[in-house]
Amino acid sequence: MRQELLSLPKGLAEEVSKNLVMVARLIDDEPEQAYAYSRIALRLASRVAAVREAAGFAAYATQKYSEALAEFRAAKRMTGSVELWPVMADCERGLGRPERALAMAGEPEVQKLDKAGQVEMRLVAAGARRDQGQIEAAIVTLQSPELASNAVQPWTARLRYAYADALLAAGREDEAREWFAKTLEADKDGATDASDRLAELDGVEFVDASVDLSDLSEEEDDDEDDDEDAAEIEAAERASDVAEYYDEDDEEYEPLEQSDADSDAEGDKA
């Protein structure tokens with residue numbers, strides 16, 4: 001990429017580079033923002049292959065598959081590289097054309113891919129089979145030396161996960177459990193939810209033990225209010241008892257003031 005940007009005027013190259021850095025930084029967590037930065041870079045330097053590729057991935061991350069496919073094709077024309085072939089095939093899937101993805105899986109370009117690219121192409125092809133409702137065919141597609149290998153590679157967890165998920169879709173739960181467990185062994189970074197899938201198969205339910213502190217605070221306030229209310233009631237009852245049983249002959253006794261209505265009532269009684 002650096003070499004490609006050197007073909008631009010210095011100021012323009014710096015501006016394009018800044019936007020591409022933002023695309024890379026945001027594409028996983030904020031794809032829409034990454035897409036916006038990619039469009040700026042594209043307006044500035046549409047003839048740079050790295051820019052077209054970045055714009056393609058940003059569009060792909062936001063599920064704009066038609067746009068992504070166009071950018072990937074442009075980048076491929078500029079570089080002559082086939083490394084984008086698997087993601088281009090996956091764009092065809094995203095556009096609802098799994099048959100085209102399968103056709104691409106049989107093209108000579110696949111043989112030019114490195115091992116990681118070939119595994120990615122296998123994953124895309126299996127996904128296309130599932131799109132067509134061919135679950136068993138998807139399982140067979142994923143069966144490969146890479147799947148059987150005990151060596152852990154960058155693609156191992158994803159490959160095992162896809163295989164386990166296909167087995168589960170076919171109703172082969174015991175085998176699916178085995179492969180979700182193998183996925184977990186390879187997934188050191190937690191890139192998949194294999195642990196959750198495995199727990200689900202084993203009938204384990206996770207309960208969120210976290211408690212909202214604000215709720216606790218409200219409960220404590222309610223308890224304090226209840227205590228205060230109880231104390232007030234108790235004090236009122238004691239005062240009532242004192243008023244009822246107080247000896248009028250006591251020197252400190254002071255009768256309560258009577259209302260006019262009470263005085264009138266006593267006058268009537270007299």
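The following paragraphs describe the fold, the nonpolar cores and the largest pocket of a predicted model.

Local features of this model need pLDDT of at least 70, side-chain atom pairs count only at pLDDT 80 or more, and totals for chains, interfaces and linings use all residues. Residues are numbered from 1 along each chain as its sequence is written, and side-chain values use heavy atoms, with hydrogens and water left out.

The protein chain contains 15 helices and zero strands (DSSP runs numbered from the N terminus, helices being H or I of at least four residues and strands E of at least two). Of its 270 residues, 32% are buried (under 20% relative accessible area, with exposed over 50% and partly exposed in between; 1.4 Å probe, protein chains only). Among contacts (heavy atoms within 4.5 Å) with a separation of 6 or more, 49% join residues 24 or more positions apart.

The largest nonpolar core (buried Ala, Val, Leu, Ile, Met, Phe, Trp, Tyr and Cys residues joined through side-chain atoms within 4.5 Å) has 27 residues, of which Phe72, Trp85, Met88 and Met121 touch the most other members. At least two residues of this core come from each of helices H2 (10–26), H3 (31–44), H4, H5 (65–79), H6, H7 (98–105) and H8. Domain 1 (1–80) and domain 2 (82–132) each contribute at least three residues to this core; the domain bounds come from an automatic or database domain assignment. Beyond its neighbours within four places in sequence, Met121 is in contact with Trp85, Pro86, Ala89, Ala101, Met104, Ala105, Val110 and Leu113. A second, separate core has 20 residues, including Val119, Ala126, Ala164 and Ala166.

Helix H2 also holds Asn19. This asparagine counts as buried because its relative accessibility is 5%. Residues up to four places away in sequence aside, Asn19 touches Tyr37, Ile40, Ala41 and Leu44.

The largest pocket has a volume of about 370 Å³. A pocket here is an open set of points on a 1 Å grid over the protein atoms alone, where a 1.4 Å probe fits, with protein on both sides within 12 Å along at least five of seven lines; lining residues have an atom within 4 Å of a point. Grid points are joined across faces, edges and corners, and the volume is the space filled by probe spheres set on them. Of the 21 lining residues, Arg93, Glu120, Leu123, Val124 and Arg158 are the closest to the pocket centre. Helices H4 (49–61), H6 (85–94), H8 (115–131), H9 (135–142) and H11 (156–169) each give two or more residues to the lining, and H8 supplies the largest share, six residues.
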